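I sat down today with a new model and a cup of coffee. Here are my notes on what I looked up.

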Amino acid sequence: MLGLSSGVSRCTKRLSLIFTVDVLRGRVAPSRCKQVIETYVIPLSQPKQSAMCSTMFILYETPAGYAIFKLLDDNKFKEIDNLYLEFETPEKASKIVKLKHFEKFADTTEALSAATAAVEGKLSKSLKKALKKLVVDDVQNQLLVADAKLGNAIKDKLSLQCVANTSVQELMRCIRTQSESLLSGLPKKEMTAMSLGLAHSLSRYKLKFSPDKIDTMIVQAQCLLDDLDKELNNYMMRVREWYGWHFPELGKILTDNVAYVKTIKLVGMRENMTDTDLSDILMDELEQRVKEAAEISMGTEISEEDITNIQSLCDEIISINEYRSHLADYLKARMMAMAPNLTVLVGETVGARLIAHSGSLVNLAKQPASTLQILGSEKALFRALKTKKDTPKYGLIYHASMVGAASVKNKGRISRSLAAKASLATRVDAFGDDVTMQLGIDHRAKLELRLRMLEEGNSKRLSGVKAKAKLQKFHAVSEVKTFKVATDSTLPSTSSKKLKAEDEAANAPSPKKKKVQQQDEEEETAVVEQPEMGEGSTQKKKKKKKNKGEGEQSTEAADESMMEESTVVEAPASGKKNKKSKAKKAAEAEDGE
């Protein structure tokens, strides 16, 4: 339209100029020029009213019904930065939008159905009925909605163009500030009552049908199971200590808590032990030992009132234990229905603890495998990071049967592999459709094979690529080579034999060192010849030392010249001292004889 109007204006100016020139030249009469302009040019300059005009409507949702407003000024919708200034007063707001239609809900049930449909992005019956009035064949209207999903549903059902962007959100906020004045004929008390009733109904609906709330039962059951275990332990300690004053030997014979409690409940006083049949509770061997211990027990005597209170506590323990077993079966059934793959891998107890620790199954599925591995050991992790020590290798996953079956050195490896597979299984359980436990069974078989290979000492990856069983030592060979000065000579090159002879001469011991070695050998032979007690054994020892010294001398490398001189100077003095000390010892031995 803008291009057409500008073209018409240019055409009008050009025609008026042409007719002006013709009139001045006398070619056309002024009356004829005026008639042509009024007939052809002026109608073109005035744009016709288009049959396909577009109007913007606004869909505003309230607890009492759907309100449809008409946007009076389209230019205000394009300038959203200062749009709130136009809604400061009801008078200004009425100049921007105007209420066209209000579809009121009949009751709270209809309001709840409409609200749930809007949450799920679906088109309700009441909204469809209200929007049908806007759909006209020859009029192309636009509907401004706050939710893009709802806009797509309206577009698919009614072929109505919907707009949902930041400008619409800002316009909705401005309408909400002046909703009381714009929605005329709707009392404030009625709107408040409908808001409260719809809020309560929608909260109950979400709590009842939300798929994220199903695992809440697993979390509560696992927490209750842990509490029952603590209470049972406290009660059993109390019973053993209480009844131990009367029959202390029974606690050492019966280590099973349930059998211990049932025995006390059935027998009572230890004097009744010989006359009571315990075959339903204990084995024949244990029954015989208990009856023998009752006859020679060192416990004190108690009254009938004491044994009655002890038996009442035993009744409580038995009932709690029965409820605990029932709760464990319930938890196992819920875990198999909720997370079958995770249950197959780590067990229902560990899986329920992981879900309870993370809050829900979806939150657990969002965790990486490294976090799942140490989940439950947060204190140890932060303490290790603070003290700069080794971080923990496992948390709650340590109680899994597969980690418990591994040896100490392989627990870290198998826990890492188990955490990786459990992370995949959790994601399948949380986000998969038609979930079965086949994935968990396959992963468990691979982990058992991995554990078997680790225990046997063979390192094998799950993908089937074998690694080397033992690490071979790598001997690094230095690439640095020394430069021989003899090769840099311009004189005729000497033969290789001469070069080898020079190297051997350089490595050979000096003549001074040879003289010192000969003197030491002579001194040792002189000491051996002296008569002493146990002459045969001492001679053998001296000869061994001599042979050992000769072997060491043959393997020694050439030392520097300074070290050789120092050994030459110090060797004779040390040899003389050794000779004098040995001569004194020989003289003392002769005097003793």
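**Notebook: salt bridges and confidence**

I began with one pair: Lys265 and Asp315 join their side chains in a salt bridge, with N and O 3.0 Å apart. I am reading this from a predicted model. I then checked where the two partners sit: Lys265 is in helix H13 (residues 257–267) and Asp315 in helix H15 (residues 304–338), so the bridge links distant parts of the chain, 50 residues apart. I looked up their accessibility as well: Lys265 is partly exposed at 35%, and Asp315 is partly exposed at 33%.

Next I went to Glu301 and Arg270, whose side chains form a salt bridge at 3.2 Å, N to O. Glu301 belongs to the loop between helix H14 (284–295) and H15, and Arg270 to the loop between H13 and H14, so this pair ties together parts 31 residues apart in sequence. I noted that Glu301 is exposed, at 57% relative accessibility, whereas Arg270 is buried at 9%.

My third pair was Lys291 and Glu287, with their closest N and O atoms 3.1 Å apart in a salt bridge. Both lie in helix H14, four residues apart, which puts about one helical turn between them. I found Lys291 buried, and Glu287 too.

How many salt bridges does a search of the whole structure find? I got eleven.

Last, I checked confidence. The chain's mean pLDDT is 75, and 65% of the residues score at least 70. Helix H16 (residues 340–346) has the highest confidence, at 94, and helix H26 (residues 535–555) the lowest, at a mean of 45. I also marked residues 526–577, where pLDDT is below 50 and the stretch has 25 contacts beyond near neighbours in sequence.

Conventions: Residues are numbered from 1 along each chain as its sequence is written. This is a predicted model: local features need pLDDT of at least 70, side-chain atom pairs count only at pLDDT 80 or more; totals for chains, interfaces and linings use all residues. Side-chain values use heavy atoms; hydrogens and water are left out. pLDDT is the predictor's confidence in each residue, from 0 to 100. Helices (H or I, at least four residues) and strands (E, at least two) are DSSP runs, numbered from the N terminus. Contact means heavy atoms within 4.5 Å. A salt bridge is a side-chain nitrogen of Lys or Arg within 4 Å of a carboxyl oxygen of Asp or Glu. Buried means under 20% relative accessible area, exposed over 50%, partly exposed in between (1.4 Å probe, protein chains only).
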